[in-house]
Every structure is written in C-alpha cells, then in structure tokens.
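Here are a few exercises to work through with the model open in your viewer. Try each one before reading its solution.

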Amino acid sequence: MANAADTQKILVLTGASRGIGHATVKRFSEEGWRVITCSRQPFPKNCPWPAGEEDHLQIDLSDPTSIETGIGELRQRLDGKPLHALVNNAGISPKRDGGRMDSTATPINIWHEVFQVNFFAPIMLARGLADALKDGQGTIVNVTSIAGSRVHNFAGTAYATSKAALSALTREMANDFGSMGVRVNAIAPGEIKTDILSPSAEAVAVPDIPMGRLGTTEEVADSIYFLCSDEAGYVNGAELHINGGQHV
Ligand SMILES: NC(=O)c1ccc[n+]([C@@H]2O[C@H](COP(=O)([O-])OP(=O)(O)OC[C@H]3O[C@@H](n4cnc5c(N)ncnc54)[C@H](OP(=O)(O)O)[C@@H]3O)[C@@H](O)[C@H]2O)c1
C-alpha cells in the first residue's frame, strides 16, 4: 500500500519568504501539499509552516550559477519523485529614491538584473525541472503583473517590460510544455498589499479600482491554487487578472 509521502503532491515555489509567496505556501500546505521553497534569505522562523525549514533552499535568482546549483539541489530533494507544480513568484521592482525608473533613466545593469530574476529565472527553473513536471503531469504558474500591459504609476520600465516578456513566455511555454502534458498559465496581480507596493500606492491606485480596495495575498494564493488544481485541468496559456477590475 502506498504511504502518504508517496502520494503527496509537491510544489516548488520561488519567493516564499513574504508577500504573495508566503500566502501561497500556507495555502498549499493547508491543502496537504509538500512545498519546496526558494529565496535568498534563510527560512523565516517568525512565520513558519509545517516541514518548511527542511524544504527551504537559499537560491539567488539574480545569479545564473546559483540557479543551476539550485536546480541540482531541487532534483536531489525530489529524489526521483514527480513534481506537480512550479510557481515562479519571486520578483523585483527596483525604485530610485522611492520613485519610478522610466525608460530614459533605468541603468542597463539594473535592467539586466530585473530580467534575470523576473524573466530568465522562471524559464531556467522550468527547463531544469521539466522531466519531473512531465512525470507529475504538473503545471507551471508564472506571476506577471498589471504593469506588463499598461504604464504604471510606480512600477518602472525594467519591471514592466520583464513582466510583459513573461506573459509572452507563458504563451510560448503553454505550447511547448503543453505537448508534454504540463499546463502553463500566468496570474497578473494588480495592487496587492505587500512590501513590493510603494507606500503611497494605496491612495493613488484605489480610486482606479472598480472594487475600491487593494487585493490581499490570500486572494492571489487562492487563484494560484485554482490553476494548480484538477479544476483547471484544461486551462493552458491563460493569464488571469487579479486586480478588482483595475484593467477594464
Ligand atoms: N504586490 C503586488 O501588488 C504585486 C502586483 C503585481 C505583481 N506582483 C508580483 O507578485 C510576485 C510576488 O510579489 P510580492 O509583492 O509578494 O513581493 P515581495 O513581498 O517583495 O516578495 C518577493 C519575494 O521574492 C524573493 N526574491 C526577491 N529577489 C530574489 C532573488 N534574487 N532570488 C530569490 N528570491 C528572491 C523574496 O525573498 P528574499 O528576499 O528572501 O530573496 C520574497 O520572498 C512578484 O513577482 C511581483 O512582481 C506583485
């Protein structure tokens, strides 16, 4: 008879230490999934989740070598088991003196770093874990942003273009991984109450949001969970807006 560890579903999640990633690890843990998390900092002891510490890896997604080493470690942790989901959530949105960096002023080295974390890391991880995802007939969720489809008051050009590229990559991946039985979708949050949000964003953004409020990290985690569940079994290549109607 198979024991629970053999049948437990497994998620690899980047950027789990706070914000949307933290709500996501809690949601999947509550549903009985094993969650292997990756971020630069050690396991956040102030907000733990079951079995979190031993399944946390420190990877710097801005460094391609750290990603390659991390993929090797992730494969070791999986130990031949199938992978059911990869959620590419980690992202950076640099500001200058708290303000927006536009296309005329963004230093090219920062632009490269943003693309490395927000765009190249997701495809590197997906390619590195493709066999395990295929074995699990799993699914990938890329976290994009409303800033990928319109000029944003706070998010800068490097961030916006990296998220637009990640949307396009999601479409390409849905085609390429779909033929392996691996679904690939994106979620595009609007203004969600987290550290990435500028302090004045709430006052500026809320009048533009039909629902008249910011979103919560739990609401985003619920949508990620839906896309990774069997209820979304035929959803492939979609980008789900989670923004209270801000895009309409
Ligand atoms: N909050 C919003 O309103 C909003 C809106 C649209 C889209 N999003 C997107 O949603 C995702 C999560 O956003 P959030 O607001 O939850 O962000 P957050 O609170 O700033 O958390 C970002 C996470 O990414 C990790 N991270 C950052 N740089 C990393 C690196 N080089 N290597 C590994 N991990 C790294 C951080 O952990 P460490 O510091 O430990 O590395 C942290 O866990 C991002 O992709 C963001 O672009 C957010």
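One thing before starting: this is a predicted model.

**Exercise 1. Work out which residues come nearest to the ligand, and what kind of shell surrounds it.**

Solution. Start with the shell, which has 30 residues around the ligand. Of these, G15, G19, R40, G91 and T194 come nearest. Next, sort the shell by class: twelve residues are nonpolar, 13 are polar and five are charged. Finally, look at where they come from: helix α2 (residues 19–30) gives the largest share, three residues.

**Exercise 2. Describe how α2 packs against α8.**

Solution. Two packed helices are described by the angle between their axes and the distance between the axes. So take those two values: the axes of α2 and helix α8 (residues 217–228) come within 8 Å, and they cross at roughly 55°. Angles from 35 up to 65 degrees fall outside the roughly parallel and roughly perpendicular ranges, and α2 and α8 are therefore oblique to each other. As for handedness, α2 passes α8 in a right-handed crossing.

Now list who touches whom. On the α2 side you'll find G19, I20, H22, A23, T24, R27 and F28, and they meet T217, E218, V220, A221, D222, I224 and Y225 in α8. By class, that contact has seven nonpolar, four polar and three charged residues. Notice G19 here: besides facing α8 in this contact, G19 is among the residues that come nearest to the ligand.

**Exercise 3. Find where D79 and Q137 sit, and decide for each: exposed or partly exposed?**

Solution. Most residues other than glycine have a negative phi. Against that background, check D79, where phi is near 50°, a positive value. D79 lies in the loop between α3 (64–78) and β4 (85–88). Count its neighbours: there are 6 C-beta atoms inside 10 Å, and because 12 or fewer means exposed, D79 counts as exposed.

Q137 also has a positive phi, near 45°. Its place is the loop between α5 (130–135) and β5 (139–143). Here the count inside 10 Å is 14 C-beta neighbours, so Q137 counts as partly exposed.

**Exercise 4. Place G212 in the chain, then say how far its C-alpha atom is from that of Q246.**

Solution. G212 belongs to the loop between α7 (201–205) and α8. With 10 C-beta neighbours inside 10 Å, G212 counts as exposed. Last step: G212 and Q246 are 34 residues apart along the chain, and their C-alpha atoms are separated by 9.3 Å.

Technical notes:
Residues are numbered from 1 along each chain as its sequence is written. This is a predicted model: local features need pLDDT of at least 70, side-chain atom pairs count only at pLDDT 80 or more; totals for chains, interfaces and linings use all residues. A residue is near a molecule or strand if its C-beta atom, placed from the backbone, lies within 6 Å of it. Helices (H or I, at least four residues) and strands (E, at least two) are DSSP runs, numbered from the N terminus. Ala, Val, Leu, Ile, Met, Phe, Trp, Tyr, Cys and Pro count as nonpolar, Asp, Glu, Lys and Arg as charged, and the others, Gly among them, as polar. A residue is buried if 20 or more other C-beta atoms lie within 10 Å of its own, exposed if 12 or fewer, and partly exposed in between; C-beta atoms are placed from the backbone. Axes are lines fitted to C-alpha atoms, for helices over the stretch in contact, and angles run from 0 to 180 degrees between N-to-C directions. Angles under 35 degrees count as roughly parallel, over 145 as roughly antiparallel, 65 to 115 as roughly perpendicular and the rest as oblique. A crossing is left-handed if the near helix is turned anticlockwise from the far one by less than a right angle, and right-handed if clockwise. Two residues are in contact if their C-beta atoms, placed from the backbone, lie within 7 Å.
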